[in-house]
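Me: I'd like a close look at one part of this model. Could you walk me through it in one go?

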Amino acid sequence: MAFNYLDRYYWLVELIRTHKGITLKEIQRAWDICYLNDDHRPLARRTFIKQKDSIESMLHISIKYDKAERGYSIEDGDYDIERMIDMMLSSASLIKFAKHPGMAGRIQIQEESNGLQHINTIVEAMKFSKCIELKFKQFYETDFRELTIEPYGLKQFERRWYLVGPEAGGKTVRAYSLDKMEKPRMSERPFVIPEDFSLNAFFNDYFGIVVYESEESDVIVPPTEILLKVWKRERPYFNTLPLHHTQTCIEEHEDYSIYHYFMAPTWDLERRLLECNDHVEVLEPQELRDMMAEHAQNMVDMYNGKWD
C-alpha cells in the first residue's frame, strides 16, 4: 500500500512539473484515465489537498497555487535538487514497470559501488551539524585509519558517492569515497560549516573529485585554458553530455571540432580523455598534451611487451 501511495505522489509531481499552471479539474481528468487508478475513483479536492501536503512533508517538494495562472505549479529550486527529483521520478517509474508482468529481465541497472548504506548516517550528521567518526582506507593501503570528518556535503561521480569535508578542526577539504570507509557513526562533536563554503563552487573548476596535486598534498591544481580536438565519431557524445560546464565549441569542421574549457588538468580529466582513445587530441596546454602522449606511449610499450 505504501508503494501505491508513493506511486501516486510521484505521478502527481511529474504531472504538475510538466504542466505548469495545471488546474484542479485538469488534474482530476488526468487521474480519471491514469493507469494507477485501478478502482476508477474520482480524485476529490480533499484527497488532492491531502496528497499535496503529504508530498511537501515527505518529499520536500512544494506545490503552490498560482493565482495569476489559476493553477498549480512546483516552485523552482536548487538545480541539484531538481536533478535529484528527476532521478527519483525516473527510478520510481523503472521500479513500477519492472514489477509489471512480462517485464522481468528487460530492465538492467548499472551497479553502484559499495557504500550506499552509509548515506543515511552521513545525511543525518549533515542535518544536525555533527562530525562523523569512521574508519578509512585507500585501495593501496593495508590498514584502516580512524578519522573524524566534518560532513560539508555529498558528491556523486562515476557511480561512486563521496563524503566531502575537512578533518575535524582542519581546513583542507577532501573527498572520501564511501566504499573505502567502514562503520561511520554520527558523533556528538558539533561543527560549523563556513558561510562562504559552497560545494558547487569548490568543484567548479574540476572534472570529477580530484582537486589536489596528490592525495597527501594540500596544493590545489589551478584551472587553465584547455583546447581539445574532438573527431566526428566522438563529437556527438561531447555535444549531448558536455565534459565541463565551461565547454564551448570554438571551431566546427566536417571531420572534427575544437572545444575550449577553463578547468584544472587533473588525473580525473586524464582518465576521461583516455576513455576516448584516439578520437580526442589535447591541443593545449602543452603539459597536459605531453602527459597524454606519455600515457599513449606507455600503452604502446605495454602491448609490445616493452613496459612493466
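How much space lies in the second largest pocket?

Reply: Quick ground rules: this is a predicted model, where local features need pLDDT of at least 70 and side-chain atom pairs count only at pLDDT 80 or more, while totals for chains, interfaces and linings use all residues. Residues are numbered from 1 along each chain as its sequence is written, and side-chain values use heavy atoms, with hydrogens and water left out.

The second largest pocket holds about 830 Å³ (an open set of points on a 1 Å grid over the protein atoms alone, with protein on both sides within 12 Å along at least five of seven lines; a 1.4 Å probe is used, and lining residues have an atom within 4 Å of a point). That volume is the space filled by probe spheres set on the points, which are joined across faces, edges and corners.

As for the walls, 32 residues line this pocket, and Gln138, Ala175, Lys180, Ile209 and Glu215 lie nearest its centre. Strands β4 (145–149), β6 (160–165) and β7 (174–177), plus helix α8 (267–274), are the elements that each give two or more residues to the lining (DSSP runs: helices H or I, at least four residues; strands E, at least two). The top contributor is β7, with 4 residues.

Chemically, the lining of the second largest pocket splits into 16 nonpolar, 3 polar and 13 charged residues. Here Ala, Val, Leu, Ile, Met, Phe, Trp, Tyr, Cys and Pro count as nonpolar, Asp, Glu, Lys and Arg as charged, and the others, Gly among them, as polar. So of the residues nearest the centre, Ala175 and Ile209 fall in the nonpolar class, Lys180 and Glu215 in the charged one, and Gln138 in the polar one.
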